[in-house]
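Here is a set of exercises to work through with the model open beside you. Try each task on your own before you read its solution.

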Amino acid sequence: VNVPSRQYGERKHRNPRLNLVPSPEMKFTHPLTGTAVAYDIVDINASGFSVMVETDASLLMPGMIIDQAEIAFAGGMSLRCPVKVVYGEKIRKHATRYGLLITDIDLQSYNRLFGMISRADDPCARVSYDVDMASLWNFFFESGFIYPEKYTCIAQYKDAIKETYARLYHSCPDIFSSLTYQRNGIIYGHVSLIKAYQRSWLVNHLAAKDMGLKMTGHHVLNQILNYFDSITRMPSVGMDYVIMSFPPENRFPSDFFSAVHRALNDPGHLSMDLFAQLTIETGAASTALPGGWALRECSPADIRGLHDAYRSISGGIMADALCLDTSVAPGPSIEEIYREYGLTRRCTAYTLVHEGAAQAYLVADRSDRGINLAEMINAVKVIVPRHSTVPWYVLRSAVCGFGLEYGPTATVQVFPCEYLDRIGVPYQKRHALWVLDMRYLHANIDEIKNMARQSSATYLKGVFSSFMDRL
């Protein structure tokens with residue numbers, strides 16, 4: 001008997017399932033009979049789809065796993081992925097609707113599927129690997145994402161950054177995704193994702209500019225939430241954590257991401273930490289450590305010490321998202337994946353010790369300059385334990401020891417900020433590092449999407465009030 005058996009609990013804000021015209025088709029070889037089978041798909045989203053079958057002629061049953069199903073679209077595009085029949089529900093006397101869940105898919109195929117469905121739902125939404133770079137750079141400047149101070153920092157590297165971006169946006173389908181909101185070739189909203197650590201992805205370049213009466217930023221925000229809603233169910237993508245970095249004073253991301261952090265109030269699954277960021281001249285200080293001090297690459301015991309030091313201050317999951325336990329990770333390393341695309345990516349953790357006792361932990365992140373314009377994965381992260389008495393000149397010398405890696409200057413991100421405040425060392429800015437454990441996303445996705453909708457409503461009220469004030 002075909003009894004409905006939902007894979008997930010009831011949801012208030014599910015990704016919309018669309019009735020595409022012409023209908024795509026599911027094709028597969030039946031796992032029991034070995035015969036070729038094809039059914040028209042009546043609705044679909046990036047997580048799954050449903051088919052309508054004559055009850056008497058049905059070859060499906062709840063629980064059936066199809067290891068190699070083909071989803072064929074009009075125009076010749078097709079995707080292959082494993083699916084599972086999660087329910088069968090009699091709609092009419094002779095018709096049964098079957099729901100099928102996509103159980104896994106590679107990133108490139110997922111982006112093609114999500115892009116097609118997104119554009120069918122909203123013609124301005126795009127997911128593609130052929131972004132026009134001139135339009136993208138114009139957008140970065142016009143949206144204020146690249147402001148004068150930031151441009152001054154990157155100007156000397158602009159040619160290298162442009163080359164890196166062209167590679168990312170056109171030929172790195174396994175480590176990079178780009179979502180845009182555009183019309184007539186002009187980009188009005190943009191967000192990208194890059195695989196930053198072995199099991200963690202970094203949200204890049206979340207920005208928007210005015211598009212008439214459309215709240216472009218909120219369209220992009222909803223687009224990325226829908227993207228996450230489905231992709232986290234795909235084991236092949238390896239997205240255990242998502243990291244978002246932003247200056248706390250940046251209203252667009254801060255209003256939403258800070259509010260979500262406060263509302264969920266669960267640092268074991270969603271944490272937000274403030275880092276102090278400064279730039280140091282690597283050749284301006286001695287790299288020789290004073291007597292009694294030493295810098296060593298982290299052993300497994302040191303990694304545990306780093307986690308303990310961080311948790312004692314934050315209680316969050318940022319250290320987990322750095323994936324420093326890569327020795328137990330299956331598959332190619334992050335360094336090997338980047339190297340395949342002609343890019344650089346390294347991450348090595350060190351312990352600064354005094355007389356054998358750990359006084360600070362340094363995570364030397366190295367990537368091609370500009371992959372993230374805030375240099376979140378091309379910087380030295382420093383975690384200073386509560387008990388530490390490390391002087392700044394010693395810590396600075398330890399960082400300068402990486403000078404050959406970063407060139408004449410290095411970006412340093414220090415946690416907690418209070419360490420530099422306490423010893424009176426000035427720094428340029430603070431960055432909030434927001435980290436979500438995606439394995440717990442589905443328990444909270446309704447609340448997160450609801451907050452995005454409330455944010456949109458608040459924005460509209462502000463626009464209306466401003467308009468009325470001008471009357």
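Rings of Phe, Tyr and Trp (its six-membered ring) pair if their centres lie within 6.5 Å; planes under 30 degrees apart count as stacked, over 60 as edge-to-face and the rest as tilted. Please keep in mind that this is a predicted model.

**Exercise 1. Aromatic rings**

Find which residues form one aromatic cluster, then classify the pair F256 and F257 and the pair of Y310 with F415.

Solution.
- Begin with the whole structure, where a search finds 19 aromatic pairs.
- For F256 and F257, the ring centres are 5.1 Å apart and the planes meet at 80°, so this pair is edge-to-face. Both of these phenylalanines are buried.
- For Y310 and F415, the centre-to-centre distance is 5.6 Å and the planes are 50° apart, which makes the pair tilted.
- Now place the second pair: Y310 belongs to helix α7 (residues 300-313) and F415 to strand β17 (residues 409-415), so the pair ties together parts 105 residues apart in sequence.
- Y310 is buried at 0% relative accessibility, and F415 is buried too, at 5%.
- The cluster consists of W137, F139, F140, F145, Y165, Y169 and F176.

**Exercise 2. Charges over rings**

Name the ring over which R366 lies, and do likewise for R369.

Solution.
- R366 sits over the face of Y406, 6.0 Å from the ring centre.
- R369 sits over the face of Y157, and here the distance to the ring centre is 3.9 Å.

**Exercise 3. The nonpolar cores**

Work out which residues of the largest nonpolar core touch the most other members, and which helix gives the largest share of this core.

Solution.
- The largest nonpolar core has 72 residues, and F49, L60, Y227 and F228 touch the most other members.
- Helix α5 (residues 216-231) supplies the largest share of this core, with seven residues.
- Take Y227 as an example: beyond its neighbours within four places in sequence, Y227 contacts L107, Y110, N111, F114, S177, L179 and L193.
- Apart from the largest core lies another, of 57 residues, including I146, Y197, L202 and C298.

**Exercise 4. The loop between β15 and β16**

Decide whether L373 is buried or exposed, and list what L373 touches.

Solution.
- Locate L373 in the loop between β15 (357-367) and β16 (380-383).
- Its relative accessible area is 9%, below the 20% cut-off, so L373 is buried.
- Leaving out residues up to four places away in sequence, L373 touches F145, I146, K150, I154, Y165 and H205.
- N372 is in the loop between β15 and β16 and is buried, at 8% relative accessible area. Its contacts, again without neighbours within four places in sequence, are L202 and N204.

**Exercise 5. Strand pairing**

Trace how β4 pairs with β1 and with β5.

Solution.
- Strand β1 (residues 25-29) and strand β4 (residues 65-72) run antiparallel and are joined by three bridges. Within this pairing, K27 has E70 of β4 as its bridge partner.
- Strand β5 (residues 78-92) pairs with β4 in the antiparallel sense, over six bridges; I71 stands opposite L79 in β5.
- β4 and β5 form a hairpin with five residues between them, and G75 in the turn has a positive phi of about 100°.

**Exercise 6. Backbone exceptions**

Identify the peptide bond that is cis at P22 and the one at P416, then compare the surroundings of N184 and H205.

Solution.
- Start from the general expectation: most residues other than glycine have a negative phi, and most peptide bonds are trans.
- A cis peptide bond links V21 to P22, with omega about -5°; P22 is in the segment before β1.
- The bond from F415 to P416 is also cis, with omega near 0°, and P416 is in the loop between β17 and α12 (417-423).
- N184 is not a glycine, yet its phi is positive, about 55°. N184 lies in the loop between β8 (176-183) and β9 (186-197) and is exposed, at 75% relative accessible area.
- H205 has a positive phi near 55° as well. H205 is in strand β10 (residues 200-208) and is buried, at 5% relative accessible area.

**Exercise 7. Cysteines**

Establish how many disulfides there are, and how far the nearest cysteine sulfur is from that of C323.

Solution.
- The count of disulfides is zero.
- C323 is in no disulfide, since the nearest cysteine sulfur, that of C347, is 8.7 Å away and the cut-off is 2.5 Å.
- C323 is buried, with a relative accessible area of 3%.

Notes
Residues are numbered from 1 along each chain as its sequence is written. This is a predicted model: local features need pLDDT of at least 70, side-chain atom pairs count only at pLDDT 80 or more; totals for chains, interfaces and linings use all residues. Side-chain values use heavy atoms; hydrogens and water are left out. A nonpolar core is a set of buried Ala, Val, Leu, Ile, Met, Phe, Trp, Tyr and Cys residues joined through side-chain atoms within 4.5 Å. Buried means under 20% relative accessible area, exposed over 50%, partly exposed in between (1.4 Å probe, protein chains only). Helices (H or I, at least four residues) and strands (E, at least two) are DSSP runs, numbered from the N terminus. Contact means heavy atoms within 4.5 Å. A charge sits over a ring if NZ of Lys or CZ of Arg is within 6 Å of the ring centre and within 35 degrees of the ring normal. Two strands pair if DSSP finds at least two bridges between them.
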